[in-house]
Amino acid sequence: MRNRSPLFLGAAAVALVGALPALGQAQSSKGAAANSSPAKTWTPARTPDGQPDLQGYWTNATTTPLERPKALGSKEFYTEQEMAAIDQKERERDEKALEQAGTPDIVHYDFSQFGLDRAQSKSVRSTRTSLIVGPEGTIPPLLPEARKKAAERAAFDREHSFDAAEYRPLSARCLMLTYESVPMLSAGYNNNLQIVQGRGYVAVMHEMNHSVRVIPTDGQPHLPAGVRQWRGDSRGHWDGNTLVVDVTNFTDRNPFHGSGDKLHVVERFTRVDNDTIMYRFTVEDPATWDKPWTAEAVWSKTKGPIYEFGCHEGNYGLANTLHGARVEEEAAKKASR
């Protein structure tokens with residue numbers, strides 16, 4: 001864990017610094033509407049090899065949910081009046097959380113000690129009602145076969161997830177935390193990223209689990225179809241000022257919202273001004289959903305560095321969970337005698 005992370009996604013601090021004129025829908029921490037007039041042409045800096053410069057420290061923390069609440073129907077954006085009311089509720093929630101921070105009935109330590117105070121983290125606020133774009137604003141329903149596989153996976157986990165370490169979730173084993181996967185969505189904390197570019201490559205380091213994703217941009221082909229990876233196989237190219245990344249070769253051992261190894265993701269990274277990257281992705285899997293779906297999120301510049309995420313060093317939970325399971329099994333045996 002580190003020292004600039006929000007406590008949880010749904011009530012992250014509203015602290016986007018500066019207006020986002022190229023987006024027209026972003027909101028500052030005071031809830032004032034950003035400039036919605038047509039954006040002026042902005043020319044990004046270039047790397048030594050002539051590509052748009054995406055480098056720096058960024059945060060993708062956001063209070064906007066991936067899927068739109070059902071009560072909002074096809075409503076894609078809040079009005080200014082609605083945003084003002086939402087901002088007021090968030091301020092009241094923040095004030096209450098600060099009053100309760102550190103009390104025994106909430107946590108066993110002070111939020112601010114470990115960077116869990118929402119006021120310590122920068123977060124992007126948008127008038128969007130969901131990251132998923134379009135009138136539906138939700139992930140399409142799973143196809144029948146995908147529902148069947150998901151049910152089988154859940155049943156297997158219920159039966160065997162405490163048998164041994166290899167049956168525990170990837171996150172419990174510190175191998176792959178959900179929010180370091182592809183596509184890249186924000187989590188409850190540790191939402192900072194660092195982008196570094198070199199000739200023919202773009203690297204993205206996640207604060208979450210301190211992992212690095214290396215994206216070739218030199219035209220090399222995807223890995224052979226038989227090679228599957230938890231985050232898929234990324235291959236990038238430049239479309240004007242946008243980095244387009246095609247991701248294939250996923251494994252069904254790290255499913256994304258029920259998807260499997262036929263998952264295909266296309267990401268678009270566009271630096272729209274000095275402090276902002278628009279991250280947009282389209283997801284498709286013909287074995288999981290009957291149509292593709294698209295979402296977009298704003299990444300905002302933040303301060304570095306990114307500190308180490310030492311998951312394994314403090315991962316007492318894995319051993320304790322398995323030990324607890326063995327204790328319960330022994331108790332059940334004694335009770336049945």
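**Exercise 1. Find which residues line the largest cavity, and state how much space lies in it.**

Step 1. A cavity is a set of points, on a 1 Å grid over the protein atoms alone, where a 1.4 Å probe fits but cannot get out; a lining residue has an atom within 4 Å of a point. The lining of the largest cavity consists of Asn60, Tyr179, Leu185, Ser186, Ala187, Asn190, Asn191, Asn192, Leu193, His206, Glu207 and Met208.

Step 2. Grid points are joined across faces, edges and corners, and the volume is the space filled by probe spheres set on the points. For the largest cavity this gives about 70 Å³. The structure holds 1 cavity of 30 Å³ or more.

Step 3. Note the basis: the model is predicted, with local features needing pLDDT of at least 70 and side-chain atom pairs counting only at pLDDT 80 or more, while totals for chains, interfaces and linings use all residues. Residues are numbered from 1 along each chain as its sequence is written, and side-chain values use heavy atoms, with hydrogens and water left out.

**Exercise 2. Describe the secondary structure and burial of the protein chain.**

Step 1. Helices (H or I, at least four residues) and strands (E, at least two) are DSSP runs, numbered from the N terminus. The protein chain has 3 helices and 11 strands, in the order β-β-α-β-α-β-β-β-β-β-β-β-β-α.

Step 2. Relative accessible area under 20% is buried, over 50% exposed, and in between partly exposed (1.4 Å probe, protein chains only). Of the 337 residues in the protein chain, 43% are buried.

Step 3. A contact means heavy atoms within 4.5 Å. Among contacts in the protein chain with a separation of 6 or more, 63% are between residues 24 or more positions apart.

**Exercise 3. Locate the salt bridge partners of Glu76 and Asp233, and the pair in helix α3.**

Step 1. The criterion is a side-chain nitrogen of Lys or Arg within 4 Å of a carboxyl oxygen of Asp or Glu. It yields 10 salt bridges.

Step 2. Glu76 pairs with Arg128, with the closest N and O atoms 3.3 Å apart. The two are 52 residues apart: Glu76 sits in the loop between β2 (56-59) and α1 (80-100), Arg128 in the loop between β3 (125-126) and α2 (144-160). Glu76 is partly exposed because its relative accessibility is 24%; Arg128, at 11%, is buried.

Step 3. Asp233 pairs with Arg235 at 2.9 Å between the closest N and O atoms. Both Arg235 and Asp233 are buried.

Step 4. In helix α3 (residues 316-336), Arg326 and Glu329 are 3 residues apart, so about one helical turn separates them. Their side chains form a salt bridge of 2.8 Å, N to O. Arg326 is partly exposed at 31% relative accessibility, as is Glu329 at 38%.

Step 5. Salt bridges that share partners join Glu76, Arg128, Arg280 and Glu296 into one network.

**Exercise 4. Characterise the surroundings of Ser161.**

Step 1. Ser161 lies in the loop between α2 and β4 (192-198). Ser161 is buried because its relative accessible area is 10%.

Step 2. Leaving out residues up to four places away in sequence, Ser161 touches Phe156, Tyr167 and Arg168.

Step 3. Ser161 and Leu322 are 161 residues apart in sequence, yet their C-alpha atoms are 9.4 Å apart in space.

Technical notes. On a 1 Å grid over the protein atoms alone, a cavity is a set of points where a 1.4 Å probe fits but cannot get out, and a pocket is an open set with protein on both sides within 12 Å along at least five of seven lines; lining residues have an atom within 4 Å of a point.
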